[in-house]
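Grab a pencil and your favourite structure viewer. Try each exercise on your own before you read its solution.

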Amino acid sequence: MFQRPVYLNQLIQLQDSDFIKVITGVRRSGKSVLLMLYKEYLKKENIAEDHIIYMNFESFEYQTITTEEKFRQQLSELIPKDGQRIYLLLDEIQAVDGWQRVVNGIRVSFNSNIVITGSNASMLSGELATLLSGRYIEIPIYPFSFAEFLNVKGIEPNSRKVDSAYNEYEKYGGFPSVVIAEESIKDTILSGIFDTIVLNDVALRAGVKDVVVLKSMIRFLADNVGQLVNASKIVNTLKNEGIETTIHTVNRYLDLLENGYLFYRVKQYDIRGREYLKTNGKYFIVDSGLRRNAVGRKDGNYSNRLENIVYIELLRRGYTVDVGRLDSKEIDFIARKLDETLYVQVAYELPNNTHETDNLLKIKDNYKKIIITGRYYEVEQVEGIPIIYIVDWLLEE
Ligand SMILES: Nc1ncnc2c1ncn2[C@@H]1O[C@H](COP(=O)(O)OP(=O)(O)OP(=O)(O)O)[C@@H](O)[C@H]1O
């Protein structure tokens, strides 16, 4: 297994805090493996084995624990009562009804470090989740970044192979099991991941019997990543394909797709008015391999795909990201983290006119502004704005 220091270090840094750590992310992104890596770390730190309680609710051993009572009983048998800190690692906890009450009870009653995983945001909303509100820290995880991808492939960041590695990353994405697979089976693995999310997580939850609308909607969103989209536009597009649906249904599915961390909705922020616009948002998909899979393996618009990769990488780096508006101009991303703000424009090619720089130069504040390009240019800056080739940007520390 490949170490994922970015995430493992977060777990280690937080391990003395009382907050419950919740590892969230799309299916197959590596949540269970991260939990196992943390368990190995604890063992190396000489934490007594009986004080590390690991339960995977998808495993044969714990599959029958689906109720609060059974879960509580099992835990009371496993927890040593010597007052020493216990490390409770709970994988796919959402399988247990009422788990929030039990986990909160442990948090209150025992000297404990609790780490849980889940692949659906709904586990953190709803009535019971209020028991945990303000008492947990989310550690969002994503498929491999490009830097992780190179590491897994054993490619040095300054080697000649980096550009072709980027092409592969762009095509098949960063799901760990896809990255390590032979090329001939990558598409099959991606289809499997796609079906798990769509059929099990979304369709089953929503009670969708006919998945035609859902699948067509996903195809539309994947084909239009980075474009302004709203529910009525989706309804009309599907209608043109002969598929009838309603705004209500589309909105419900959009929520489910976001809850499953498959798509992210990005709101538009009016920089001058300092407010969010209540208009259309843009959708981005969690992984470029899944995008290609969802649209029937067509390539689609390169600039939008590039924007998608930048967006997910900004999330990975811990930014909150909006699309910016300044009068009639658009700023691709406003990325914020604590007191830092970064304005990002993404362009496949540097145009001869100064369109990309114009938009950024209109923003009259001193925060950092960059242009990320899909092609390599010798120029380092235009009108004081750094021009950074996507591959270099993805590999920045
Ligand atoms: N760090 C890693 N190194 C190598 N392979 C990995 C790593 N993380 C994940 N994988 C591969 O990806 C697969 C999926 O990982 P994992 O089961 O941890 O994902 P998950 O997010 O828990 O998935 P789900 O939500 O569907 O349960 C693993 O079976 C493994 O093959």
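Below are some worked exercises, running from the whole chain down to single residues.

A word on the ground rules: residues are numbered from 1 along each chain as its sequence is written. The model is predicted, so local features need pLDDT of at least 70 and side-chain atom pairs count only at pLDDT 80 or more, while totals for chains, interfaces and linings use all residues.

**Exercise 1. Get the overall picture**

Task: Work out how many helices and strands the protein has, and how its radius of gyration fits the globule rule.

Solution:
- Step 1. The protein has 15 helices and 16 strands; these are DSSP runs (helices H or I, at least four residues; strands E, at least two), numbered from the N terminus.
- Step 2. The radius of gyration, taken over C-alpha atoms, is 22 Å. The globule rule (2.2 Å times the number of residues to the power 0.38) gives 21 Å for 397 residues, so the protein is as compact as a globular protein of that length.
- Step 3. The C-alpha trace spans about 70 × 50 × 50 Å along its principal axes.
- Step 4. Of the 397 residues, 36% are buried. Buried means that 20 or more other C-beta atoms lie within 10 Å of the residue's own, exposed means 12 or fewer, and partly exposed is in between, with C-beta atoms placed from the backbone.
- Step 5. Now take the contacts with a separation of 6 or more: 68% of them join residues 24 or more positions apart. Two residues are in contact if their C-beta atoms, placed from the backbone, lie within 7 Å.

**Exercise 2. Pack H9 against H11**

Task: Find the angle between H9 and H11, and say which residues meet.

Solution:
- Step 1. Two packed helices are described by the angle between their axes and the distance between the axes.
- Step 2. For H9 (residues 212-223) and H11 (residues 247-259), the angle is about 65° and the axes are 11 Å apart. That makes H9 roughly perpendicular to H11. Axes are lines fitted to C-alpha atoms, for helices over the stretch in contact, with angles from 0 to 180 degrees between N-to-C directions. As for the labels, under 35 degrees is roughly parallel, over 145 roughly antiparallel, 65 to 115 roughly perpendicular, and the rest oblique.
- Step 3. The crossing of H9 and H11 is right-handed, which is the case if the near helix is turned clockwise from the far one by less than a right angle; anticlockwise would be left-handed.
- Step 4. H9 brings Val213, Leu214, Met217 and Ile218, and H11 brings Thr249, Val250, Tyr253 and Leu257. Sorted by class, this contact has seven nonpolar residues, one polar and no charged. Here Ala, Val, Leu, Ile, Met, Phe, Trp, Tyr, Cys and Pro count as nonpolar, Asp, Glu, Lys and Arg as charged, and the others, Gly among them, as polar.

**Exercise 3. Do the same for H8 and H9**

Task: Describe how H8 and H9 cross, and sort their contact residues by class.

Solution:
- Step 1. The axes of H8 (residues 183-206) and H9 come within 11 Å and cross at roughly 115°. That makes H8 roughly perpendicular to H9.
- Step 2. This crossing is right-handed. Val198, Val202 and Ala203 of H8 make the contact with Leu214, Lys215 and Ile218 of H9.
- Step 3. The tally for H8 with H9 is five nonpolar, no polar and one charged.

**Exercise 4. Two positive phi values**

Task: Decide whether Arg28 is buried or exposed, then whether Asn46 is buried or exposed.

Solution:
- Step 1. Most residues other than glycine have a negative phi. Arg28 has a positive phi, near 65°, and so does Asn46, also near 65°.
- Step 2. Arg28 sits in the loop between S1 (20-24) and H2 (31-44). Arg28 is buried, because 22 other C-beta atoms lie within 10 Å.
- Step 3. Asn46 lies in the loop between H2 and S2 (52-56). With 6 C-beta neighbours inside 10 Å, Asn46 is exposed.

**Exercise 5. Look around Pro143**

Task: Place Pro143 and list its contacts beyond four places in sequence.

Solution:
- Step 1. Pro143 is in the loop between S5 (136-140) and H5 (146-153), and is buried, with 27 other C-beta atoms within 10 Å.
- Step 2. Leaving aside neighbours within four places in sequence, Pro143 contacts Ser29, Gly173, Gly174, Phe175, Pro176, Val286 and Asp287.
- Step 3. Pro176 is 33 residues away along the chain, with 6.5 Å between the C-alpha atoms of Pro143 and Pro176.
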